[in-house]
Amino acid sequence: MGSVEAPGLCFVAYARPDASVFRKARKRQRRAERLQEAREQPGASQEGAAEPRRPPASVEAYTREVAVRVERHAAVQAHNRELVKANAAAGVTTVVITYDTECFRDYVGVCVGEDDRVIDIGCSYGVCTALLAGRAAHTLGVDIAADMVAAARERHGGREGLAFDQVDILTEPAKAVAALADRNKIWMDIGGNRCVKDVVRAIDYLLRAKPTGLALIVVKSEELYKSYAKGEQKRGFTTRDAPAAPAGVHPERLMQGWWGALRQQHLSAADDPNAAPWEQAWFVRARAKGFLQHPFRYPNRAAPTGELKCRPYNYSAAGCKDPACRFDHVHCHVCDGEGHIGRECPRAHAGPAHESALSNPAPAKKPRTEG
């Protein structure tokens, strides 16, 4: 496992300040504008109109509220930009944890410059990769799904300083090392609602195999963000504030216990990637919960044909609703067998004491006969 905290790290959680409040303010602003336009219509009659539950505030009031949110967001962006620069100058890698796609892509405009060489892990159709390529010297988008890489090339191929490749950083170390070479900034989105274990494994690998001069890793993960937020709240400040530590406390030391505990929890011996899938922690936890978690929280697994298995088909009660789904619908997500799905896999209903029985079933008993 090594040390519980890699040296030279700074963890930051990033979200638009009071994002939900900001959206509500914009909604109230638009409502106030519509009411004001209705009153100004020539010949508009108020007779029979229902009285609002509370008097609507003026458009100006809501406009000021929105302006405050925008100004605060700009201040957080400026702080993050300077934080990454200062950490890079000191040889410290900044790991930014974002909650959603909006914040994940928002960071492209915050911390990417014309001298940067960036890799986008989990590029999917290449939307964020293209944004990165618009600012960086060179951008490489990688994904474990061949069809995603092909689609990204079709959409964005031909652009200078932009390339795509099929790479699984956790199972193809040689290709991963080549892809990470000379990259100083990493964007990683391997599923925002993916189980946090996969995200922790990926971050841990990147920090151990990181190229020289790696300044920034931006990760999108709802669960990791929530875990970080809980750690911050215990220390007296929240992610809604600009991500700076309390006076006299360095962020690296502040979150040392959080990252160490997270690694210890999710990178245990039970998560040995060489172990059988039904022996790994993700399967044990899912079985204990009755396979009720979101299908995309299960890890991606390839079928014997090389295609990725469809997780909604294997774990959703409604099955896969995409009639044009390009993922494997033949093999079980757990054992690669045919004729059953992951949540109905025989391994799912067998405890450790019965694993040998599944592998070596006992001979059938002869039927009893009346003597």
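A salt bridge here is a side-chain nitrogen of Lys or Arg within 4 Å of a carboxyl oxygen of Asp or Glu. With that in hand, Arg-117, Asp-182 and Arg-183 form a network of such bridges. Keep in mind that this is a predicted model.

**The chain overall**

You're looking at 371 residues, 44% of which count as buried. The fold is built from 14 helices and 7 strands. Take the contacts with a sequence separation of 6 or more: 64% of them are between residues 24 or more positions apart. The accessible surface adds up to about 20,100 Å², and carbon and sulfur atoms own 52% of that.

**Salt bridges**

In general, side chains of opposite charge can pair when their charged atoms come close. Searching the whole structure turns up 8 salt bridges. Three of the pairs are set out below.

| Pair | N to O distance | Placement |
|---|---|---|
| Arg-326 and Asp-147 | 3.7 Å | 179 residues apart |
| Arg-208 and Asp-204 | 2.9 Å | 4 residues apart |
| Glu-223 and Arg-297 | 2.0 Å | 74 residues apart |

The Arg-326 and Asp-147 pair links distant parts of the chain: Arg-326 is in the loop between H13 and helix H14 (355-359), while Asp-147 belongs to helix H6 (residues 146-156). Both ends see some solvent-accessible area: Arg-326 is partly exposed at 44%, and Asp-147 is partly exposed at 22%.

Arg-208 and Asp-204 tell a local story, with both in helix H8 and about one turn of the helix between them. How do the two ends compare, buried or exposed? Arg-208 is exposed, at 59% relative accessibility, whereas Asp-204 is buried, at 8%.

As for the last row, Glu-223 sits in helix H9 (residues 222-234) and Arg-297 in the loop between H12 and H13, so their bridge ties together parts well separated in sequence, 74 residues apart. Glu-223 itself is partly exposed, with a relative accessible area of 28%.

**Nonpolar cores**

In soluble globular proteins, nonpolar side chains tend to be buried together. The largest nonpolar core in this model has 58 residues, and the members touching the most others are Tyr-107, Ile-121, Trp-187, Met-188, Leu-206 and Leu-224. Which helix gives the most to this core? That would be helix H8 (residues 196-208), with 8 residues.

Leu-206 is a handy place to start browsing. Skipping neighbours within four places in sequence, Leu-206 is in contact with Ile-121, Ile-169, Leu-180, Ile-186, Met-188 and Ile-217. Another core, of 11 residues, lies apart from the largest one, and its members include Ala-276, Phe-291, Cys-332 and Val-334.

**Two backbone oddities**

Most residues other than glycine have a negative phi. Ser-124 goes the other way, with a positive phi of about 55°. Ser-124 falls in the loop between strand S3 (117-121) and helix H5 (127-133), and this serine is partly exposed, with a relative accessible area of 26%.

Phe-291, not a glycine either, also has a positive phi of about 55°. Where does Phe-291 lie? Phe-291 is found in the loop between helix H12 (281-288) and helix H13 (311-315). Phe-291 has a relative accessible area of 7%, under the 20% cut-off, so Phe-291 counts as buried. Phe-291 is also among the residues of the 11-residue core.

Technical notes
Residues numbered from 1 in each chain as written. Predicted model: local features only at pLDDT ≥ 70, side-chain atom pairs only at ≥ 80, totals over all residues. Heavy atoms only, no water. Buried < 20%, exposed > 50% of the residue type's maximum accessible area, 1.4 Å probe, protein only. Core = buried A, V, L, I, M, F, W, Y, C linked by side-chain atoms within 4.5 Å. Contact = heavy atoms within 4.5 Å. Areas by Shrake-Rupley, 256 points an atom, 1.4 Å probe, with all protein chains shown as cover.
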